[in-house]
Amino acid sequence: MKTYAIKSSANRTAKKIGGKAVVQKLPDNTWAVFKNREEKDLYELYGVTNCPHCAVGLDNGVVSDADLKADNQPGLKAFLYSCLGCGAEFGPALTKLDKKGPTGTHQINHNSTAANPCNTVWEIAEKLKGQKRKEVIGACVEAGVAYNTARTQYQKWFQASKNDSKNG
Ligand SMILES: [Zn+2]
């Protein structure tokens with residue numbers, strides 16, 4: 001999806017894409033060009049067409065809070081949706097449910113006790129943006145994420161956030 005300030009620019013892009021492109025005015029008075037109807041549907045559902053973390057197209061799969069509730073999985077999400085590609089959450093914020101952290105342990109964890117360690121790492125990394133890697137990983141371990149998981153996920157997050165700043 002691309003957005004334009006002027007309708008004629010949007011139409012030009014749509015023409016280039018061909019018959020399947022959809023042009024639509026957005027609430028902020030810009031014009032969006034979607035590659036096809038599916039992409040437009042994704043945008044209407046989720047407000048984005050790609051995962052804000054790993055950039056995979058959301059047609060890859062999205063889990064919503066409602067799905068988790070239907071499956072009787074604990075609702076530990078901070079945001080309504082999570083990407084099936086990377087597990088990161090996005091979309092409207094949910095009221096935080098009872099997120100119990102481990103109590104008072106500071107030693108290195110080799111098993112994650114956090115319900116969704118990957119998401120936890122991304123959340124913490126996002127919150128502690130600008131802090132040293134050591135600090136972020138330490139905070140993740142304190143939140144119940146296994147040390148190795150914290151390291152791997154932090155690396156993934158770091159890569160993704162680097163790409164973000166390059167693109168934006
Ligand atoms: Zn993702």
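Two strands are taken as paired where DSSP finds at least two bridges between them. With that in hand, a good place to enter this predicted model is residue Q24, which stands opposite A32 in β3. A32 has a partner from β1 as well, since T3 also stands opposite A32 in β3. From this point the N-terminal sheet can be followed outward.

The sheet is open and consists of three strands in the order β1-β3-β2, with antiparallel pairing. β1 (2-4) and β2 (22-25) are the edge strands, each pairing on one side only. From one strand to the next, the twist averages 25°. Helix α1 (residues 7-17) packs on this sheet and touches β1, β2 and β3; the direction of α1 makes about 5° with that of β3.

The two pairings of this sheet can be described in turn. β1 is joined to β3 by three bridges, and these strands run antiparallel. β2 is joined to β3 (residues 31-34) by four bridges, again in the antiparallel sense. Within the second pairing, V22 has F34 as its bridge partner in β3. β2 and β3 also form a hairpin, with five residues between the strands. In the turn of this hairpin, N29 has a positive phi of about 70°.

The surroundings of β3 deserve a closer look. In a regular strand, side chains alternate between the two faces of the sheet. For β3, both faces are covered: W31 and V33 are buried on one side, and A32 and F34 are buried on the other.

At the level of the whole protein chain, the secondary structure amounts to six helices and six strands. Their order along the sequence is β-α-β-β-α-β-α-β-β-α-α-α. The protein chain has 168 residues, of which 28% count as buried. Among contacts between residues at least 6 apart in sequence, 45% join residues at least 24 apart.

A second hairpin is built from β5 and β6, which have five residues between them. Here the residue with a positive phi in the turn is G87, at about 85°. β5 (residues 79-83) pairs with β6 (residues 89-93) over three bridges in the antiparallel sense. F79 has A93 as its bridge partner in β6.

Attention now turns to the nonpolar interior. The largest nonpolar core holds 24 residues, and the members that touch the most others are V121, A125, C140, V145, A150 and Y154. Two or more residues each are given to this core by β5, α4 (117-127), α5 (133-142) and α6 (147-167). The largest share, five residues, comes from α4. Domain 2 (50-99) and domain 3 (117-167) both contribute residues, so this core lies between them. Apart from it lies another core, of six residues, including A10, W31, V33 and F34. W31, V33 and F34 are also among the buried residues that line up on the two sides of β3.

Helix α4 merits a further word. Nine of its eleven residues are buried, so α4 is largely enclosed by the rest of the structure. The buried residues of α4 are P117, C118, N119, T120, V121, W122, E123, I124 and A125. Of these, V121 and A125 have already appeared among the core members that touch the most others.

Two loop residues complete the description. V56 is located in the loop between α2 (37-46) and β4 (62-64), while L84 is located in the loop between β5 and β6. V56 has 14 C-beta neighbours inside 10 Å and therefore counts as partly exposed. L84, with 13 other C-beta atoms within 10 Å, is partly exposed too. In sequence V56 and L84 are 28 residues apart, and in space their C-alpha atoms are 9.2 Å apart.

The contacts of these two residues fill in the local picture. Leaving aside neighbours within four places in sequence, V56 is in contact with N50, C51, C83 and G85. With the same neighbours set aside, L84 is in contact with N60, G61, V62 and V63. For L84 and N60, the separation is 24 residues in sequence and 6.9 Å in space, C-alpha to C-alpha.

Technical notes. Residues numbered from 1 in each chain as written. Predicted model: local features only at pLDDT ≥ 70, side-chain atom pairs only at ≥ 80, totals over all residues. Axes fitted to C-alpha atoms, helices over the stretch in contact; angles between N-to-C directions. Contact = placed C-beta atoms within 7 Å. Buried ≥ 20, exposed ≤ 12 C-beta atoms within 10 Å, placed from the backbone. Core = buried A, V, L, I, M, F, W, Y, C linked by C-beta atoms within 7 Å. Domains from an automatic or database assignment.
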